[in-house]
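Reader: I'd like to learn how to read a folded chain piece by piece. Could you walk me through one?

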Amino acid sequence: MSQRRDSVSSAARVGAPTPVDVLGKVLRGHSFFVGDIEPVGTLHMAVLRSPHAHALIREVRTGAARVAPGVHAVVTGAEVAAVTAPHPVYWQLRGQHTPVTRAMAVDRVRYCGQAVAAVVAETRALAEDALELIGVDYEPLQVVNTAADALRSDAPLLVPEWGENVFGEQTYSTGDVDEAFAGAPIVVEETFRFGRSFGCPLETRGCLVSYDEVQERFDVWINSQSPNRVREVIGEVVGVPLAQIRVRIPSVGGGFGTKANYYGEEIIATVLARMTRRPVKYIEDRDESFVASSHAREQELTVAIAADADGRVLGLRGDVVGVLGGELSSVGMGPVWLAAVSLPGPYKIANVDVRVRGVMTNRSPYGSYRGWGAPKAVFAIERMLDRLGRRVGVDAAEIRRRNLVRADEMPYHNGVVATFDSGDYHRCLQLCLDAVTTAGWPSRIVQAATSGRRLGVGLACYVESTGIGPSRVMERLGVDQAGFDEAVVRMDSDGEVTVYTGQAEMGQGILTSLAQTAAHELGLPSSRIKVVSGDTDVCTYTGYGTAGSRGAALGCESVRQASVELRGEILRHAAAVLETDPTELRLDEEGVHVHGVPTQRVSFAQIGRAAYRGLGKTPDGFSGSLQARVVYDPSGMTYSYGTAAVLVEVDSATGFVRVLDARIADDCGTVINPDVVEGQLVGASVQALAGALFEELRYDDNGRLVTKDLMTYRLPRADDFGDIEVGHLETPTPHSDSGVKGVGEAGTLPWAPAICAAVEDALGVEFFLTQVPVSPETVAAAARGEVRVS
């Protein structure tokens with residue numbers, strides 16, 4: 001199924017499958033995580049969390065805890081608020097309310113699990129024992145549990161000074177929607193619900209903060225995706241100059257967006273480290289992670305489409321409601337906004353009107369999770385295309401062919417926010433369909449039917465914004481963060497090359513891709529490229545961090561440009577040593593030689609020695625080191641796209657759905673490392689398939705989390721799904737010379753609608769799924785003919 005370009009040379013590593021270095025280190029036990037770091041004198045922090053979803057705090061009594069064995073300090077929300085500023089929310093949409101988010105609750109709790117007090121002691125056990133000695137007097141308030149509760153005219157207000165529970169609202173329009181609907185022969189409308197979930201990485205969040213009172217400097221170890229931004233947030237909230245803060249990232253056991261947000265615990269630890277003059281360590285336990293790490297996904301989307309008699313979409317109306325939590329996460333309602341502006345999908349829709357609202361509820365804060373808002377938009381528009389196809393009487397592939405943007409229409413502005421840069425959506429659709437045929441799915445379905453088994457196929461297309469970064473675009477969207485990426489590539493006196501980056505490795509393979517990119521331009525084996533990351537004292541700046549599918553699209557492009565500059569310097573130095581013109585020289589794996597005369601050469605080590613120690617053999621204007629620095633701010637967003645198909649088997653008696661096989665065809669521009677791309681697509685697909693079938697955070701009527709541990713919150717296992725095979729097109733983006741787009745989140749997008757369509761196909765009854773996860777009870781009821789829409 002794969003379609004890849006040929007390898008360009010033995011030394012140029014772009015396009016070549018290459019093992020991910022960090023995974024080998026993990027398997028050999030050579031990685032170290034924040035939990036492994038414990039300097040002498042470390043104190044351990046534990047957090048007291050609210051048992052109420054909504055309550056006033058009347059009193060916090062800490063006297064007994066302060067004198068408990070091993071305890072060094074106790075702080076309350078009011079005490080921390082007295083020495084810190086509110087947390088920033090860096091996605092600021094027009095017209096939204098001004099949030100005041102603190103590291104801990106001060107006078108009111110707004111969700112179960114919100115921090116109320118913290119203790120540091122000689123051990124975690126002693127700190128937790130002391131928590132039991134803290135008394136809190138709460139005055140419970142009425143719980144706002146759902147979006148419907150929040151939008152009632154008589155609803156209790158989570159932030160009374162706002163006068164409403166709607167945090168922000170915007171509308172995006174293009175064309176004349178009223179006219180499109182008025183004259184359309186077909187109008188279809190549905191309301192879709194996407195369940196709440198979260199990233200749930202294998203390694204929970206954690207930090208270790210030390211304070212040097214002599215230098216008045218903080219040293220922060222944290223398993224974050226955004227070291228530079230963490231540094232800025234701590235500086236802003238704690239009131240410390242950035243020069244007095246060092247942030248370091250150890251090995252990270254998965255991020256998935258959860259660790260791209262910024263949390264109160266690192267602020268509390270910083271305050272306590274300064275207070276006690278001792279290192280303070282906080283490791284979120286698994287139970288805490290379900291309420292303290294940011295939630296995501298939950299939205300309600302009402303969508304209507306108008307179409308002509310052939311099924312070509314004329315207009316789209318949308319109303320998107322994001323179920324935010326009781327406090328704002330650092331991304332505000334950004335993911336909800338993205339769902340709204342992504343609703344048109346990869347289709348030509350001339351007339352669009354979409355309203356988006358973020359609604360406060362007494363649930364945990366709503367933040368980032370792989371895919372951000374895009375999975376919800378894809379779910380809604382793809383389900384609408386399925387519904388439209390049924391109405392017109394054509395299959396899933398044909399209704400999409402009639403509406404997809406054509407390759408000759410690129411670049412294509414969708415009338416809302418996005419301008420698709422490049423791609424052939426029809427060809428990618430066909431690539432996926434061909435893979436389904438090659439895999440023999442049609443014959444498997446027929447054969448299964450002879451023995452009474454019910455198999456079905458679902459199809460979905462998607463397009464996603466990647467390479468989050470153009471600073472001018474970010475500013476227009478209200479993002480309080482520049483999007484450029486900075487890289488330094490340096491050759492030392494021994495001829496070895498080091499890349500310095502602000503990108504963060506979380507197991508996804510970005511460091512391997514950066515090394516391959518530098519190797520490609522310098523003609524070196526990637527094994528001779530060392531990549532240094534995760535240290536704000538040493539590494540370069542990337543403001544938005546490793547998120548938004550930007551690691552390759554921005555990180556690798558900045559490294560590529562720096563490597564090209566360094567290559568030029570290497571050739572100039574080699575020319576000085578060989579006493580020839582740089583245009584006559586060629587690079588190979590060992591050094592530089594004269595074109596056509598391979599014996600007339602100089603090694604990289606000799607070049608390095610000449611540059612740093614033999615200054616008499618350096619070219620005019622040499623600055624004193626072989627180093628290039630590039631700041632890359634892209635001219636536009638890149639848009640990856642694809643098509644996915646899934647084969648399922650449905651047990652009509654129990655409603656159990658089993659994924660037998662899956663195919664995904666993706667175009668993320670130039671593929672740097674096929675192994676990394678396939679790993680990203682397959683891993684994200686597993687997360688999305690789990691979200692479509694069983695992974696959900698559920699609350700009771702009192703705002704308490706019901707699925708609060710790994711026994712009740714069902715994560716996918718290795719044997720849950722059949723084979724997931726990946727195919728590629730490569731349509732380079734015109735926004736960079738490398739042509740690279742992002743791929744880290746693409747696999748999260750198509751599977752919810754594809755699963756729903758496959759279940760309907762397997763049952764063969766008049767039935768339409770509008771919410772995920774798809775429950776076995778709903779499927780079994782549909783098989784019995786008891787429900788038509790769910």
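Author: We'll go from domains to their interface, then to cores, a helix and some backbone details. Keep in mind that this is a predicted model.

Reader: Let's start big. Into which domains is the protein divided?

Author: Domain 1 covers 21-31 + 484-632, domain 2 covers 34-141 + 204-252 + 259-292, and domain 3 covers 374-466 + 636-784.

Reader: How do I put a number on the place where domain 1 and domain 3 meet?

Author: The size of an interface is often given as the accessible area lost when the parts come together. Here, domain 1 and domain 3 bury about 1,000 Å² between them, with 51% of that on carbon and sulfur atoms. Their C-alpha centres lie 39 Å apart, and the contact takes 14 residues from domain 1 and 17 residues from domain 3.

Reader: And what polar links cross between domain 1 and domain 3?

Author: Six residue pairs are in polar contact across that interface. The salt bridge count between the two domains is one. Asp-737 forms a salt bridge with Arg-560, and the closest N and O atoms are 3.4 Å apart.

Reader: Which helix gives the largest share of the side of domain 1 that touches domain 3?

Author: That's H17, with five residues. Helix H16 (510-522) and H17 each supply at least two residues to that side.

Reader: Let's stay on H17. Is Ser-563 buried or exposed?

Author: Ser-563 sits in helix H17 (residues 551-578). Its relative accessibility is 0%, so Ser-563 counts as buried. Leaving aside neighbours within four places in sequence, Ser-563 is in contact with Val-489, Ala-518, Glu-521 and Leu-522. Also, Gln-516 is 47 residues away along the chain, yet the C-alpha atoms of Ser-563 and Gln-516 are separated by 11 Å.

Reader: Now the nonpolar interior. Which residues touch the most other members of the largest core?

Author: Met-45 and Ile-755 do, in a nonpolar core of 169 residues. Apart from that core lies another one of 41 residues, among them Ala-519, Ile-529, Val-559 and Ile-672. Back to Met-45: beyond its neighbours within four places in sequence, its contacts include Ala-118, Val-120, Ile-268, Leu-272 and Tyr-282.

Reader: Say I pick a helix such as H21. What do its buried residues pack against?

Author: List the buried residues, then look at what they face. In helix H21 (residues 776-783), Thr-778, Val-779, Ala-780, Ala-781 and Ala-782 are buried. The buried residues of H21 pack against strand S26 (638-650), strand S27 (657-667) and helix H20 (751-763). Just after H21, Gly-785 takes a positive phi of about 80 degrees.

Reader: Where do I find cis peptide bonds, say the one joining Val-772 and Pro-773?

Author: Check omega. For Val-772 and Pro-773 it is about 5 degrees, and Pro-773 lies in the loop between strand S29 (771-772) and H21. The bond from Met-410 to Pro-411 is also cis, with omega near -10 degrees. Pro-411 belongs to the loop between helix H12 (396-401) and strand S16 (412-413).

Reader: Which residue other than glycine has a positive phi?

Author: Ser-549 is one of them, with phi near 50 degrees; another is Glu-579, at about 55 degrees. Ser-549 is in the loop between strand S21 (529-532) and H17, while Glu-579 is in the loop between H17 and strand S22 (585-587).

Reader: Is Ser-549 buried or exposed?

Author: Ser-549 counts as buried because its relative accessibility is 9%. Glu-579, with a relative accessible area of 74%, is exposed.

Technical notes:
Residues numbered from 1 in each chain as written. Predicted model: local features only at pLDDT ≥ 70, side-chain atom pairs only at ≥ 80, totals over all residues. Heavy atoms only, no water. Core = buried A, V, L, I, M, F, W, Y, C linked by side-chain atoms within 4.5 Å. Buried < 20%, exposed > 50% of the residue type's maximum accessible area, 1.4 Å probe, protein only. Contact = heavy atoms within 4.5 Å. Helix = DSSP H or I, 4+ residues; strand = E, 2+ residues; numbered from the N terminus. Domains from an automatic or database assignment. Buried area = accessible area lost by both parts, 1.4 Å probe. Salt bridge = Lys/Arg side-chain N within 4 Å of Asp/Glu carboxyl O. Polar contact = N/O pair within 3.5 Å; in protein donor to acceptor, adjacent residues only side chain to side chain.
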